[in-house]
Amino acid sequence: MSITPLAAVPSVHRAAPVFRGRIGRDARSGHYAVPHRYRLHLSTACPDGLRLAVGHGLLGLDAGCPVTFLPAVPDCPGGGHSALRPLYEASAHHYTGPALAPVLSDDWSGRIVSTHAPDILRDLDRFPREGRVSLYPCGLESVIEAVERMCAEGIEEAAQRAGRAGAGPAERAAALDVLLDTLGRLENRLAGEQYLADDRLTAADVELWVALVQLDTVHRHHLDASAVHRIAGHRALWAYARRLATHPAFGRRLDLDGISRRHHGRCQGLEAAGAAVQILDWAGLAADAGEASRR
């Protein structure tokens, strides 16, 4: 699969993570992949937290790397969580910033390994486990990275700019064009294909699925109805999102109420007519995934 980067779209600028430790494959790395040593702290109302929760479920790491789920809406200024404050203070002397999620912590030392979600997901893929599931199969790294760029720049950033309050009509239209072009290219790839890369579930599918969840549950609230109908017209893309949502590792982690509360708690945009045009019945799909997990 060949996916070209979106050269016309500026890279997404995010705050530099505070901790960027990595888990290696042997003891020389300091942090090495062994069961029962590490713990994830995340909120599934946050896109990064949802990605990690889905990946964690696909890898079957419930026992080997437990998860502490945090409230959808942070309880401290700056988006921090009071439950994470002891970890941050133990990991950085006189730390004064917000205690942000997600966090991968080391239970042996009581300190943080990483707060950088992409690194964390890649490192979870190194954990010993039964089965042969791999989110980053050898030879598909460039494909997965290309999908990550498309989702970050062509979906997330473009959708934000297309619905930004105060943006002029030309700016919004240009951003919508980028969004629709990205969705169109992904639609073409998925026509007749079950997954994005090599006919298997990979991190690329986790990335795209979470981006589509955000697009329908958050970003469409700031788009007009015509734009949402054009977005919904990518039938193969939304059929793919619907199918993945019924998989327990995906749909069971959907916290729709939490996503809504987080959105309304931090959003400063204006609601538009697209808010009334829901693309998928995420609540029904999440219920189906929960039923499937109990069978």
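The legends below describe an overall view and several close-up views of one predicted model.

Residues are numbered from 1 along each chain as its sequence is written, and side-chain values use heavy atoms, with hydrogens and water left out. In this predicted model, local features need pLDDT of at least 70 and side-chain atom pairs count only at pLDDT 80 or more, while totals for chains, interfaces and linings use all residues.

**Figure 1. Overall view of the chain, with eleven helices and four strands.** Helices (H or I, at least four residues) and strands (E, at least two) are DSSP runs, numbered from the N terminus. The radius of gyration of the chain is 19 Å, close to the 19 Å that the globule rule gives for 295 residues, so the chain is as compact as a globular protein of that length. This radius is taken over C-alpha atoms, and the globule rule is 2.2 Å times the number of residues to the power 0.38. Along the principal axes, the C-alpha atoms fill a box of roughly 55 × 40 × 40 Å. Of the 295 residues, 50% are buried; buried means under 20% relative accessible area, exposed over 50%, and partly exposed in between (1.4 Å probe, protein chains only). Among contacts (heavy atoms within 4.5 Å) with a separation of 6 or more, 73% join residues 24 or more positions apart.

**Figure 2. Close-up of the aromatic pair Tyr-32 and Trp-108.** A pair of aromatic rings is described by the distance of the centres and the angle of the planes. Rings of Phe, Tyr and Trp (its six-membered ring) pair if their centres lie within 6.5 Å; planes under 30 degrees apart count as stacked, over 60 as edge-to-face and the rest as tilted. By this rule the chain has six aromatic pairs. The pair of Tyr-32 and Trp-108 is edge-to-face, with 6.4 Å centre to centre and 80° between the planes. Tyr-32 lies in the segment before strand 1 (38–42) and Trp-108 in the loop between strand 3 (103–106) and strand 4 (111–114), so the pair ties together parts that are 76 residues apart in sequence. Tyr-32 is partly exposed, at a relative accessible area of 24%, whereas Trp-108 is exposed, at 55%.

**Figure 3. Close-up of the aromatic pair Tyr-88 and Tyr-95.** The ring centres of Tyr-88 and Tyr-95 are 5.0 Å apart and their planes stand at 40°, so the pair is tilted. Both residues are buried. Ring pairs link Tyr-88 and Tyr-95 with Phe-19 into a cluster.

**Figure 4. Close-up of helix 3 (residues 117–124), which is mostly covered.** Six of the eight residues in helix 3 are buried, namely Ala-117, Asp-119, Ile-120, Leu-121, Asp-123 and Leu-124. Their cover includes strand 1, helix 1 (47–59), strand 3 and strand 4.

**Figure 5. Close-up of Glu-207 in helix 6 (residues 203–217).** Glu-207 is buried, with a relative accessible area of 12%. Not counting residues up to four places away in sequence, Glu-207 touches Arg-51, Glu-148 and Cys-151.

**Figure 6. Close-up of Gly-80 in the loop between strand 2 (67–69) and helix 2 (85–91).** Gly-80 is buried, with a relative accessible area of 1%. Residues up to four places away in sequence aside, Gly-80 touches Pro-74, Asp-75, Pro-98, Ala-99 and Leu-100. Gly-80 and Ala-99 are 19 residues apart along the chain, and their C-alpha atoms are separated by 4.4 Å.
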